[in-house]
Amino acid sequence: MLDVGQGDAIAIGNGGRWWLVDCGPRTPRADAGQAVVLPFLRWAGVRSLEFLVLTHDDGDHTGGARAVLRGMHVARLLAPAARRGVPGPLARFRGTPIRTGEELAGAPEMIVRWPPPADSLTSYWEQPVTSADNGAVAVLEIGRGAGCALLAADADSAVERALAIAPPLALLKVAHHGSGSSSGAGFLASVRPRLAAISVGRRNRFGHPDPGALARLAASGVTLHRTDEEGALWFELSDSGAQLLDWRNDAWCAPDGPPAARRIPAPQE
């Protein structure tokens, strides 16, 4: 989980293969794609991304995408299919639509858990939501069994309730930067995450992470990590679970650490 300030950018690597989920924000002062994502990928020796998933078309997730696409070969760009009133990233970026149940990769296993097909009649769409855009986000499940992680993008509590996830989760990417509209108590009790991570900017104007969301996470017993307090977060998934790697001290890491440690100014959504 790269430290892109108030936004998301998650790089996933396995055996020399790499994938990217979101690209962080772009503001008049900084472009996370150029300043953080590309330097990290180059530091890690990445020559090509098998795919880039843009979970939805909020600027703190897609702002850095142009820089990444210019600076790195991306074999496939994936995003949720357009819906009425929610064109999503595919309206601006050429790519392939994804929906619930699709397997994007096999090693590690990556499954799309949301959104449902664009013509779906699921009861979710009858529920109050924080925004139609957040209701149509791409939610990904990575790994399996004891090493399973859920990348919840900016999903709200209504989406969380609709997800079919087998507990327990090794790692939860906390939805919507710890917004009060996400991390519902029922959802947390259902998926039982052991580790959780919030990608959030320091002193952001939205008040993320929300005190209520933090209280619910604490009550669930999860061990929580935050980019605004710890910088880039590097997790290792295996059949036995998930662990946080201390890349600042590990001998295999460059002395100065990856460029993801660099902070950029928090954007204004």
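The following questions and answers concern the fold, core and selected residues of this predicted model.

Residues are numbered from 1 along each chain as its sequence is written, and side-chain values use heavy atoms, with hydrogens and water left out. Because the model is predicted, local features need pLDDT of at least 70 and side-chain atom pairs count only at pLDDT 80 or more, while totals for chains, interfaces and linings use all residues.

Reader: How many helices and strands does the secondary structure of the protein come to?

Author: Helices (H or I, at least four residues) and strands (E, at least two) are taken as DSSP runs and numbered from the N terminus. On that basis the protein comes to eight helices and 16 strands.

Reader: What is the order of the strands in the open sheet of five strands, and by what angle are neighbouring strands turned on average?

Author: Two strands pair if DSSP finds at least two bridges between them. The open sheet has mixed pairing and the order β1-β2-β4-β6-β7. β1 (10-14) and β7 (96-98) each have a single partner strand, so one side of each lacks a neighbour in the sheet. With axes as lines fitted to C-alpha atoms and angles running from 0 to 180 degrees between N-to-C directions, the average turn between neighbouring strands, direction ignored, is 25°.

Reader: Which residue in β2 stands opposite Ile10?

Author: β1 and strand β2 (residues 17-21) run antiparallel and are joined by five bridges. Across this pairing, the residue opposite Ile10 is Val21.

Reader: Which element gives the most to the largest nonpolar core?

Author: A nonpolar core is a set of buried Ala, Val, Leu, Ile, Met, Phe, Trp, Tyr and Cys residues joined through side-chain atoms within 4.5 Å; buried means under 20% relative accessible area, exposed over 50%, and partly exposed in between (1.4 Å probe, protein chains only). The largest such core has 24 residues, and those with the most contacts inside it are Leu20, Val37, Leu49 and Leu54. At least two residues each come from β2, α1 (32-43), α3 (65-71) and β6 (77-80). With six residues, the element that gives the most is α1.

Reader: Is His56 buried or exposed?

Author: His56 lies in the loop between β4 (51-53) and α2 (59-62). Contact means heavy atoms within 4.5 Å, and beyond four places in sequence His56 is in contact with residues including His61, Pro89, Asp133 and Asp154. Its relative accessible area is 1%, and therefore His56 is buried.

Reader: Which side chains make polar contacts with the side chain of His56?

Author: A polar contact is a pair of N or O atoms within 3.5 Å; within protein, one must be able to donate a hydrogen and the other to accept it, and residues adjacent in sequence count only if both atoms are side-chain atoms. One such contact, of 2.9 Å, involves Thr55. The other partner, at 3.2 Å, is Asp58.

Reader: What is the count of disulfides?

Author: Cys23 is buried, with a relative accessible area of 0%, and Cys148 is buried at 4%. A disulfide is a pair of cysteine sulfur atoms within 2.5 Å. By this rule the count is zero.

Reader: Which residue caps the N-terminal end of helix α7?

Author: Helix α7 covers residues 211-219 and is followed by Gly221, whose positive phi is near 85°. At the N-terminal end, a side-chain oxygen lies 2.8 Å from the backbone nitrogen of Gly212, and the capping residue that supplies this oxygen is Asp210.
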